[in-house]
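Trainee: I should like to learn how to read a protein model step by step. Could we go through one together?

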Amino acid sequence: VQLQASGGGLVQAGGSLRLSCLASGRTFSSYVMGWFRQAPGKEREFVTVISSNAYRKKYADSVKGRFTISRDNAKNTVYLQMNSLKPEDTAIYYCAAGPFVGVADYEFDYWGQGTQVTVSS
């Protein structure tokens, strides 16, 4: 499966952005989808994950209550709604697909190219 993330940009602190990740192929609905991010000089970190049927979701503590993951299997797309953004949310955001509802990047087999999110103070 190929993944293409979009929707990043520059936003002021307190603002909102919605990221999208479009997947190719007919098996999107069978994949667990996740979002990770990597800030400059830091390792890539888990943000959120959603099960194939959207029943299970997990969030990093740093984004709980501010970020929401969702998916539309008919559109082969997973979304990340980001509200109340903070400067520390600045990073490249990657979507990923895998078989398990995990939080480690090695649990995901396919990765998008990333989209830059910059939050100014």
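The dialogue below takes up strands, buried side chains and salt bridges in turn.

Mentor: Please keep in mind throughout that this is a predicted model.

Trainee: Let us begin with a sheet. In what order do the four strands of the open sheet lie?

Mentor: The order is β1-β3-β8-β7, and the pairing is antiparallel. The strands at the edges are β1, residues 3-6, and β7, each of which pairs on one side only. On average, neighbouring strands of this sheet are turned by 15° against each other, direction ignored.

Trainee: How many bridges join β1 to β3?

Mentor: Four bridges join β1 to strand β3, residues 17-23, and the two run antiparallel. Within this pairing, Leu 3 stands opposite Ala 23 of β3.

Trainee: And what joins β7 to β8?

Mentor: Six bridges join β7 to strand β8, residues 77-82, again in the antiparallel sense. The two strands form a hairpin with four residues between them, and Asn 76 in the turn has a positive phi of about 55°.

Trainee: How should one read the side chains along a strand?

Mentor: The general idea is that in a regular strand the side chains alternate between the two faces of the sheet. Strand β7 shows such alternation: Phe 67, Ile 69 and Arg 71 point to one face and are buried, while Thr 68, Ser 70 and Asp 72 point to the other and are not. Strand β11, residues 115-120, likewise has a covered face with Thr 115, Val 117 and Val 119, and an uncovered one with Gln 116, Thr 118 and Ser 120.

Trainee: Which strands pair with β11, and in which sense?

Mentor: Strand β2, residues 9-12, is joined to β11 by four bridges and runs parallel to it. There, Thr 118 is the bridge partner of Leu 10. Strand β9, residues 91-98, pairs with β11 in the antiparallel sense over three bridges. In that pairing, Thr 115 is the bridge partner of Tyr 93.

Trainee: Arg 71 is a charged residue on the buried face of β7. What is the nearest side chain of opposite charge?

Mentor: It is Asp 72, 8.3 Å away, and Arg 71 has no salt bridge although it is buried. One should then look for polar partners. The side chain of Arg 71 makes a polar contact of 2.8 Å with the side chain of Asn 73. A polar atom of the Arg 71 side chain also lies 2.9 Å from the backbone oxygen of Ser 51.

Trainee: Which residues surround Arg 71 beyond its sequence neighbours?

Mentor: Leaving aside residues within four places in sequence, the contacts of Arg 71 include Phe 28, Tyr 31, Met 33, Ile 50 and Val 78. Val 78 is also the residue of β8 that stands opposite Arg 71.

Trainee: Let us turn to another arginine, Arg 37. Is it buried or exposed?

Mentor: Arg 37, found in strand β4, counts as buried because its relative accessibility is 5%. Here salt bridges are present. Arg 37 meets Glu 45 in a salt bridge of 2.6 Å, N to O, and Asp 89 in another of 2.9 Å. Arg 37 lies in β4 and Asp 89 in the loop between β8 and β9, so this pair ties together parts that are 52 residues apart in sequence. Asp 89 is buried, with a relative accessible area of 0%, whereas Glu 45 is partly exposed at 35%. In addition, a polar contact of 2.9 Å joins the side chains of Arg 37 and Tyr 93.

Trainee: Which residues make up the network of salt bridges?

Mentor: Arg 37, Glu 45, Arg 66 and Asp 89 are linked in it. The structure holds five salt bridges. One of them joins Asp 105 to Arg 44 at 3.5 Å, N to O. Asp 105 lies in the loop between β9 and β10 and Arg 44 in the loop between β4 and β5, so the pair ties together parts that are 61 residues apart in sequence. Asp 105 counts as partly exposed at 29% relative accessibility, and so does Arg 44 at 32%.

Trainee: Finally, where is Gln 38 found, and what does its side chain reach?

Mentor: Gln 38 is found in strand β4, residues 32-38, and is partly exposed, with a relative accessible area of 31%. Its side chain reaches the backbone oxygen of Lys 42 at 3.0 Å. Setting aside residues up to four places away in sequence, Gln 38 touches Glu 43, Arg 44, Ala 91, Ile 92 and Tyr 94.

How values were computed: Residues are numbered from 1 along each chain as its sequence is written. This is a predicted model: local features need pLDDT of at least 70, side-chain atom pairs count only at pLDDT 80 or more; totals for chains, interfaces and linings use all residues. Side-chain values use heavy atoms; hydrogens and water are left out. Buried means under 20% relative accessible area, exposed over 50%, partly exposed in between (1.4 Å probe, protein chains only). Lys and Arg count as positive and Asp and Glu as negative; His and the chain ends are not counted. A salt bridge is a side-chain nitrogen of Lys or Arg within 4 Å of a carboxyl oxygen of Asp or Glu. A polar contact is a pair of N or O atoms within 3.5 Å; within protein, one must be able to donate a hydrogen and the other to accept it, and residues adjacent in sequence count only if both atoms are side-chain atoms. Contact means heavy atoms within 4.5 Å. Two strands pair if DSSP finds at least two bridges between them. Axes are lines fitted to C-alpha atoms, for helices over the stretch in contact, and angles run from 0 to 180 degrees between N-to-C directions.
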